[in-house]
Amino acid sequence: MKKLLLALPLVAGASWAGTSYYAGVQSENAYDQFLNQTQIMKPLVFEKESFENGVTTSHAITAVRQSTAADAKVIFRLQHEINHSPIQLDDNGTKFATATIRTTLVNESGNQNSAAIREFFNGEEPFEILSTADINGKIVSTLNIEAFDIDTTDEKLSLGQSSFDITTENNRTQVKGTLGELQANFGNGTSVDSSESYLNFDITIDDTWAYDYDFMWSAGELSLSSDQSLMPVKIANISLGGDSKLANEKFDQSLVFELGKIDFGGAIPADLVPIDTARFSLDLVDLSFSGIKEYSDRLDKLTVEEQMSSTPPTDAEALAVAASMVSPNSTLDIKLELGNPAGAATADYAIRFVGDESPSGYDDIVTVADLLNAIEMDVNVGIDKAALDLTPAAMFMDSPQMQMAFVDIGEQIVSRASLRGAAVEVNGNFFPLQSMFGGMLDMPIDIILEMEGL
C-alpha cells in the first residue's frame, strides 16, 4: 500500500503531462485555424515557420510575406507563446482544455522592416495579441496597439493607443474596437486631426474567396486645416460602412460614406455654407464570383507596392481577367447627396451590362459600337433651387449648355439622361451617336486603347 501511495504522484504527474500535451496538439490546430483566417489579409501571406510542442507551453513563429510569389520577402515575423495547461484560472473562473496565446513582433536586428516598425513605436512593444483558444477551435482575442509616431522631414503621422476585441468561431470572425486619436501633417501646410474612432467588422468565410461581410467605421469629429485657411474646417458624425453578399455564384457589394455635419467656422456664415452634409453610396450588383476569384488570384502574385501603384496593369491578359468579373445584369449604381441649410442636391448614376448573345455576354464585343449595345446607362440629377443659390454654381445656370442639360420644374431643376444602344437621350431629346462620331464607333476597342496610350 505504501508503494502504491508513493506511486500516485507519479501517475498523477504523468496524467497531467499527457492531458497537457493533448491540449497542446489542439493548440496547434487552433494556430492553423488562425493562419487560415489571415487569408483575408491578402496580399500579405502568413505562413507557419515553426511550431514547437511543449508539456505546458508551446512556441510558434509566423513569417509574414509581402505576396504569394515564391521569392516574396519576409516583411516581419510574429512569435507566439502558447500556454496549454489543461486547467487554467482567470477572472472568469476555471477553464478546461484551453490554450492562451500571447503574440508579439519578433525583434529581428537584421530585418530592416522589423527595426523600422519598432522605431515608429518609440522603442515600445508595437502590439500584443492575447488570445484564448478552446478545444473546439473558438478563439477570443484582444489586440492592443501601442501609440506610434512616423515623423519624416516633411510629414508626420501619429496615432494614439488602440484596442480591438476579436472573436473567431467556425468560419465567422467579429471585430469590435477603438482607434486612438489621429494627427497627420502632410508637409504642404495641410493637417488633419481626428478624435477616437470606432470599428465594427463581421465576416464569414466559406473558403478562400467565398465570404460575406459587413463593417462600420465611425468618428465623432475630424478637423482639416491649412496655411491658406484662417481656421480649421470641422466635420462631425463621420461614418464609412459597407457589406457584401455571395449567393448563386453572384457577388454583391455596397459602400456608404457619410459626413453628418460640415462646419466652416467663422470663415462662412452658417446660413450661407454651400455644403454642410454629404452622403456617397456605391452598389455593385451581380458580379461574377469566378471572375472575382480569377482577378484576385492574379493580384495575389503582386507585391504590396505593386498593388498600391496608381497605374493598374493594362495588358491584354489583365484586361481580359478584369472583364471576367462582369456578367450580364452586372450593375454599378453610384448615388451622391449634398445638403446645405436651404436644401439638397442629389445625383444617381447607374450603368448596367446587358451583354451580347455569347455565353459569357462579352465574347462578341469587338468594336466601340458592340460595347455601346452591351450596356445601359442612366443619370438622374435633382437640385433644390434654394440650395443652388447658396453655391458658386448658381452663376453658371443661365448658360446655354446648362439650359439644355437641366429642366426647371418649379422649386427644383432636374436632368434626366440615358444611353441605349447608339443613342443618348437628354431630357427627352435624342442624339444618335452614329451621326456624331461616325466611323469611330466601328473601330476595335483595343485600337482605341492604344491610341489613348492606356
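**Exercise 1. The core around F127**

Start with the contacts of F127. Leaving out residues up to four places away in sequence, F127 touches L78, T103, T104, L105, L143, N144 and I145. The model is a predicted one. Task: find how many residues the largest nonpolar core has, and which elements supply it.

Solution.
- Step 1. Count the core. The largest nonpolar core has 24 residues.
- Step 2. Find its centre of contacts. F76, L78 and F127 have the most contacts inside this core.
- Step 3. List the suppliers. At least two residues each come from α1 (2-37), β1 (45-52), β2, β3 (74-83), β6 (98-105), β7 (127-134) and β8 (139-145).
- Step 4. Pick the main supplier. Strand β3 gives the largest share, 4 residues.
- Step 5. Look for another core. A second, separate core has 11 residues, among them A369, I375, L433 and L441.

**Exercise 2. S58: buried or exposed?**

Task: place S58, decide whether S58 is buried or exposed, and name its polar partners.

Solution.
- Step 1. Locate the residue. S58 sits in strand β2 (residues 57-65).
- Step 2. Apply the cut-off. Buried means under 20% relative accessible area. S58 has 0% relative accessibility, so S58 counts as buried.
- Step 3. Check the side chain. It makes a polar contact with the side chain of N53, at 3.2 Å. A polar atom of the S58 side chain also lies 3.1 Å from the backbone nitrogen of G54.
- Step 4. Widen the view. Not counting residues up to four places away in sequence, S58 touches F51, E52, N53, H80, E81, I82 and H84.

**Exercise 3. A second serine**

Task: do the same for S288.

Solution.
- Step 1. S288 is in strand β19 (residues 277-288).
- Step 2. Its relative accessibility is 11%, so S288 counts as buried.
- Step 3. A polar atom of its side chain lies 3.2 Å from the backbone nitrogen of G291.
- Step 4. Beyond four places in sequence, S288 touches E249, S324, M325 and S327.

**Exercise 4. Salt bridges**

Task: the structure holds 11 salt bridges. Take the pair D276 and K261, and say which parts of the chain it ties together.

Solution.
- Step 1. Read the distance. The closest N and O atoms of D276 and K261 are 3.6 Å apart.
- Step 2. Place both ends. D276 lies in the loop between β18 (250-263) and β19, and K261 lies in strand β18, so the pair ties together parts 15 residues apart in sequence.
- Step 3. Compare cover. D276 is buried at 9% relative accessible area. K261 is partly exposed at 41%.

Now take E376 and R352.
- Step 4. Their closest N and O atoms are 2.8 Å apart.
- Step 5. E376 is in strand β22 (residues 375-384) and R352 in strand β21, so this bridge links parts 24 residues apart in sequence.
- Step 6. Both ends are partly exposed: E376 at 23%, R352 at 28%.
- Step 7. Look for shared partners. Salt bridges join D333, K335 and D348 into one network.

**Exercise 5. A surface patch**

Task: name the residues of the nonpolar surface patch of about 310 Å², and place M440.

Solution.
- Step 1. M436, F437 and M440 make the patch.
- Step 2. M440 is in the loop between α9 (433-437) and α10 (445-452).
- Step 3. M440 has a relative accessible area of 42%, so M440 is partly exposed.

How values were computed: Residues numbered from 1 in each chain as written. Predicted model: local features only at pLDDT ≥ 70, side-chain atom pairs only at ≥ 80, totals over all residues. Heavy atoms only, no water. Patch = residues over 30% accessible without salt bridge, like charges linked within 9 Å, V, L, I, M, F, W, Y side chains within 5 Å. Areas by Shrake-Rupley, 256 points an atom, 1.4 Å probe, with all protein chains shown as cover. Salt bridge = Lys/Arg side-chain N within 4 Å of Asp/Glu carboxyl O. Buried < 20%, exposed > 50% of the residue type's maximum accessible area, 1.4 Å probe, protein only. Polar contact = N/O pair within 3.5 Å; in protein donor to acceptor, adjacent residues only side chain to side chain. Contact = heavy atoms within 4.5 Å. Core = buried A, V, L, I, M, F, W, Y, C linked by side-chain atoms within 4.5 Å.
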